[in-house]
Amino acid sequence: MSIRSATPALAAALLFGASTPLAKLLIGNVTPVLLAGLLYLGSGIGLAILLALRHLIRDKSVYPSKVLHIPPAELPWLLGAILFGGVFGPALLILGLVQTSAASASLLLNVEGVMTAVIAWVIFKENADYRIVLGMAAIVIGGVLLSWEPGGKTFSAGSLLIVGACLCWAIDNNLTRKVSTNDAMLVSCLKGLLAGASNTALAFITGASLPSLAALGSSLVIGLFGYGLSLTLFVVALRTLGTARTGAYFSVAPLFGVIISLVLWPDMPGILFWVAAALMALGVWLHVQERHEHEHTHEPLEHSHMHRHDAHHQHEHTFAWDGKEPHSHPHHHDALTHTHPHYPDIHHQHSHNH
């Protein structure tokens, strides 16, 4: 239970946080709705190219079978995530921004992390001890301070629309957890392509026109890194940490965004920045200090994901295997009872009646 466990989520936050100031450089050349669509499309198209290249040169001992597949039973979870996160969320945000100041919108967007955790804890029954709750609170308060602008805190009816967008993204995060055992790059690619197509179509319907070739290319590249690779790492984190903890780590993205903004536009940050940074650092520290250990039982389970032959993966292979790890293939877990420190990852989704 160390900072290494949090690395995928923090790396996802870094990439997404960096995309905000970089995308800001394009404002004025691309309308906001079209920019959102192009960022998603850049994510989907870029990841599709990477998937094709990976499939062509794949090591068959690591990927012995075709992994570009989502089980039919899990497709409703994925489609629900795309619908809420890629269609409803952006649409509500855009409608809300029309009626809400930028400062108010920034403050309200911090609600997403809280809603993600509440849904994970209340509906999907993820465990949470006092460190996790306090850490989430510290990160959220830090996010509020980071986006606070005195004099810009007037709220309007559009606030409810932005809160609705946060709720959609919180639902998206929890539904994506349900498909996180699948190829993370494939899940992210499908979300990017479908969300990008819907947002781009919405932009053209509302009167947008294609930007210059340079702005178009820049949008797609920023989308690949800030949305595509970021989302891929986010899905990996959902698989290994659970939804609430991943959402908490991802909530530090605005801090990375501000730091990168200060590099692009040098300026001495105010006291609120340093307080916010300290609170977010405290929140991350509280999370990595977690030690959750008790006797628990694994029910029989079948799924496919990248894995090593550890305490949870002791299975035979139906294909020729040269011993390379990690590797990915469909595999079966027998019932198992044991004790060790663990997160609410894909192998530890048991109840806590005690």
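## A walk through the helices

Start with the whole chain shown as a surface: the accessible area comes to about 16,900 Å², and 69% of that belongs to carbon and sulfur atoms. Keep in mind that this is a predicted model. Switch to cartoon and you should find 12 helices and 4 strands. Of the 354 residues, 49% are buried. If you pull up a contact map, look away from the diagonal: among contacts between residues at least 6 apart in sequence, 87% join residues at least 24 apart.

**Stop 1: the greasy patch outside**

Select I45, I49, L50, L53, L56, I57, L75, L79, L193 and L194. Together they make a nonpolar patch on the surface, with about 940 Å² of accessible area. Colour by element and you'll see that α2, α3 (75-99) and α8 each give two or more residues to the patch. Which one gives the most? That's α2, with 6 residues. Now zoom in on L56, which sits in helix α2. At 69% relative accessibility L56 counts as exposed, because the cut-off for that label is over 50%.

**Stop 2: two salt bridges**

Stay with α2 for a moment and show charged side chains. How many salt bridges does the structure hold? There are 2.

For one of them, select D183 and R54: their side chains meet with an N to O distance of 2.5 Å. D183 is in the loop between α7 (158-177) and α8 (184-205), while R54 belongs to helix α2 (residues 32-57), so this pair ties together parts that are 129 residues apart in sequence. Is D183 buried or exposed? It counts as buried, at 13% relative accessibility.

Next, pick D172 and K191, which form a salt bridge whose closest N and O atoms are 2.7 Å apart. Here the partners come from helix α7 (D172) and helix α8 (K191), so the link ties together parts that are 19 residues apart in sequence. Both D172 and K191 are buried.

**Stop 3: a tryptophan on α7**

Slide along helix α7 to W169. With a relative accessible area of 14%, W169 is buried, since buried means under 20%. Show everything W169 touches, leaving aside neighbours within four places in sequence: you should get G85, G89, P90, L93, L109 and E112. Draw a C-alpha to C-alpha distance from W169 to E112 and you'll read 6.7 Å, although the two are 57 residues apart in sequence.

E112 leads you straight into helix α5, which covers residues 111-122. From its first C-alpha to its last, this 12-residue helix reaches 16 Å, close to the 16 Å expected at 1.5 Å a residue. To see which residues of α5 are buried, select G113, M115, T116, A117, I119 and A120.

**Stop 4: a helix that's packed away**

Jump to helix α10 (residues 243-250). Here 8 of the 8 residues are buried, so the helix is largely enclosed by the rest of the structure. The buried residues of α10 are T243, A244, R245, T246, G247, A248, Y249 and F250.

**Stop 5: the cores**

Keep Y249 selected, and add L10, L78, V187, F234, V252 and V284: these are the residues with the most contacts inside the largest nonpolar core, which has 39 residues. Helix α9 (residues 213-241) supplies the largest share of this core, with 7 residues. As background, nonpolar side chains tend to be buried together in soluble globular proteins.

Centre on V252 and expand the selection. Not counting residues up to four places away in sequence, V252 touches L10, A13, I139, M280 and V284. Then try A281, in helix α12 (residues 271-288). The C-alpha atoms of A281 and V252 are 8.8 Å apart, with their positions 29 residues apart in sequence. At 47% relative accessibility, A281 counts as partly exposed.

There is also a second, separate core of 15 residues, including V30, V33, L39 and A203.

**Last stop: the α1–α2 loop**

Finish with N29, in the loop between α1 (3-24) and α2. Leaving aside neighbours within four places in sequence, N29 is in contact with P211 and A215. Which partner should you pick for a distance label? Try L210: N29 and L210 are 181 residues apart in sequence and 9.6 Å apart in space, C-alpha to C-alpha.

Technical notes:
Residues are numbered from 1 along each chain as its sequence is written. This is a predicted model: local features need pLDDT of at least 70, side-chain atom pairs count only at pLDDT 80 or more; totals for chains, interfaces and linings use all residues. Side-chain values use heavy atoms; hydrogens and water are left out. The expected span of a helix is 1.5 Å times one less than its number of residues. Buried means under 20% relative accessible area, exposed over 50%, partly exposed in between (1.4 Å probe, protein chains only). Contact means heavy atoms within 4.5 Å. Accessible areas come from the Shrake-Rupley method with a 1.4 Å probe; for residues, only the protein chains shown count as cover. A salt bridge is a side-chain nitrogen of Lys or Arg within 4 Å of a carboxyl oxygen of Asp or Glu. Patches are made of residues with over 30% relative accessible area and no salt bridge: like charges are joined within 9 Å, nonpolar side chains (Val, Leu, Ile, Met, Phe, Trp, Tyr) within 5 Å. A nonpolar core is a set of buried Ala, Val, Leu, Ile, Met, Phe, Trp, Tyr and Cys residues joined through side-chain atoms within 4.5 Å.
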